[in-house]
Amino acid sequence: MAIAKAERLMNLALCLLGTRRPLSKRELRDSIEAYVEAFGPGNGASGSDDSFNRMFERDKDDLRELGLVIETVESLDGEIGYMARRDSNRLPPITLDAEEAAALGLAAKVWQQARLAGAASGALQKLRAAGLPEDVDPYGSHGALEPRIPVHEAAFEPLMLACRDRRPVAFDYRKATAAHPEQRHVEPWALECWRGHWYLAGWDRDRGAERVFRLSRITGKVRSRGGRYTADVPDVVTVRETVAGWAGEIADRSARIRLRSGAGYPLRAKATSVRELGDGWDELEIPYGHGLDAWLVEFGPDVVVLEPAELRAGVVDRLRAVAKG
């Protein structure tokens, strides 16, 4: 059935594109074999005419949804005709270099894990038909390592749509230092992936300030809320820079930690000095910025904070929250 419909739509599109004058429904019915086989010639019974009219309207809507521009023209005697002018259905030349095509392919891979998978695939097919170079594969790998952006969080799609529609939302969010989630009311601005994790930037109505939320810490469903935004949306939403600051990437101090020998290689890579202590432990000096406590917790019993005292207290608080479940 799908093949028959595709063939019928293709024949209808070719008729509309190939004609030099508008064609009436009767002429199209008599020209397309699938219509003749299903309903007979244009002078059939009224029942078959009604069925043909319904199918023709559906086919016409499907072609328009696929991007075909169909013109409706009324003749002097009042008869309606249809045609698709080639100049109205010809896209300008599409010029994409390899990097731009790779970016499109990577974006399409993101949407493959969301409800926009069909739209993303269709868009790439249209670009290919419109002149995307044949030697460029948007889905292909462009190096020894293939870039991938995973989208596993259930909150991604509703938040992406909320950002697009400028629609406030509410969700339950569990901070790293909290044992239980709490409800947050947010005006979402933008989503961005940073180091394999998705983050939402927006205006937190409860706190009256800009906040960034990690999607993996959102529990339950994202719920839409009515009303307009109460805060202005920045022209440029610096999600990555904000997350980097909160994750300790922007450091203005140093911290001393004990690290078990043979463990914590990411910490060793950032260390400004390393000293062997013996008994299977090393002492490291590492850059200290906001969020370092959350990172150190991930290494569990392999890390002991020596100083400063507030960093040690922050790590202890987070470990206690994890222990409480």
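Q: Before we start, what counts as buried here?
A: Buried means under 20% relative accessible area, while over 50% is exposed and anything in between is partly exposed. Keep in mind that this is a predicted model.

Q: OK, so which way does strand 11 fall, enclosed or open?
A: Strand 11 covers residues 281-288, and 6 of its 8 residues are buried, so the rest of the structure largely encloses it.

Q: Which sheet is strand 11 in?
A: An open sheet of 4 strands, with antiparallel pairing and the order 10-11-9-12. The edges are strand 10 and strand 12 (303-307), each pairing on one side only. From one strand to the next the twist averages 30°.

Q: How many bridges does strand 11 make with strand 9?
A: There are 8 bridges between strand 9 (residues 253-260) and strand 11, in the antiparallel sense. To find the register, look at Arg 256, whose bridge partner in strand 11 is Glu 285. Ser 254 also has an opposite number in strand 11, namely Pro 287.

Q: And on the strand 10 side, how many bridges?
A: Strand 10 (residues 273-278) pairs with strand 11 over 5 bridges, antiparallel again. There, Val 274 has Leu 284 of strand 11 as its bridge partner.

Q: What links strand 10 and strand 11?
A: They form a hairpin with 2 residues between them, and Asp 279 sits in the turn. Asp 279 has phi near 60°, which is positive even though the residue isn't glycine.

Q: Is Asp 279 buried or exposed?
A: Exposed, because its relative accessible area is 81% and the bar for exposed is over 50%.

Q: Which other non-glycine residue has a positive phi, near 55°?
A: Arg 166 does. You'll find Arg 166 in the loop between helix 7 and strand 4. At 40% relative accessibility, Arg 166 counts as partly exposed.

Q: Back to the 4-strand sheet. Which helix lies across strand 9, strand 11 and strand 12?
A: Helix 11 (residues 309-324), which runs at about 150° to strand 12. Asp 317 is part of helix 11, and with a relative accessible area of 43% Asp 317 is partly exposed. If you want a distance to check, the C-alpha atoms of Asp 317 and Val 297 are 9.8 Å apart, with their positions 20 residues apart in sequence.

Q: What's the peptide bond like going into Pro 308, cis or trans?
A: The bond from Glu 307 to Pro 308 is cis, with omega near 5°. Pro 308 lies in the loop that leads from strand 12 to helix 11.

Q: Switching to the 5-strand sheet, what's the order there?
A: It's an open sheet running 7-6-5-4-8, with antiparallel pairing. Strand 7 (209-214) and strand 8 (218-224) are at the edges with a single partner strand each, so one side of each has no neighbour in the sheet. The twist in this sheet averages 45° from one strand to the next.

Q: How is strand 8 held to strand 4?
A: By 4 bridges, with strand 4 (residues 169-173) and strand 8 running antiparallel. One spot to look at is Val 169, which stands opposite Ser 224 in strand 8. Helix 7 (residues 156-165) packs on this sheet, touching strand 4, strand 5 (182-194), strand 6 (197-204) and strand 8, and its direction makes about 85° with that of strand 5.

Q: How many aromatic pairs are there?
A: A search of the whole structure turns up 9. In one of them, the ring centres of Trp 295 and Phe 299 are 5.9 Å apart with the planes at 65°, so that pair is edge-to-face. Phe 299 is buried at 16% relative accessibility, and Trp 295 is partly exposed at 22%.

Q: Which rings make a cluster?
A: Tyr 35, Phe 39, Phe 52, Phe 56 and Tyr 82 are linked into one by ring pairs.

Q: What sits over the ring of Trp 281?
A: The charged end of Arg 258, 4.8 Å from the ring's centre.

Q: Last one: what do the whole-chain numbers look like?
A: The chain has 11 helices and 12 strands, and 34% of its 325 residues are buried. About 19300 Å² is exposed, with carbon and sulfur atoms supplying 52% of that. For contacts between residues at least 6 apart in sequence, 54% join residues at least 24 apart.

Key. Residues are numbered from 1 along each chain as its sequence is written. This is a predicted model: local features need pLDDT of at least 70, side-chain atom pairs count only at pLDDT 80 or more; totals for chains, interfaces and linings use all residues. Side-chain values use heavy atoms; hydrogens and water are left out. Rings of Phe, Tyr and Trp (its six-membered ring) pair if their centres lie within 6.5 Å; planes under 30 degrees apart count as stacked, over 60 as edge-to-face and the rest as tilted. Buried means under 20% relative accessible area, exposed over 50%, partly exposed in between (1.4 Å probe, protein chains only). A charge sits over a ring if NZ of Lys or CZ of Arg is within 6 Å of the ring centre and within 35 degrees of the ring normal. Two strands pair if DSSP finds at least two bridges between them. Axes are lines fitted to C-alpha atoms, for helices over the stretch in contact, and angles run from 0 to 180 degrees between N-to-C directions. Contact means heavy atoms within 4.5 Å. Accessible areas come from the Shrake-Rupley method with a 1.4 Å probe; for residues, only the protein chains shown count as cover.
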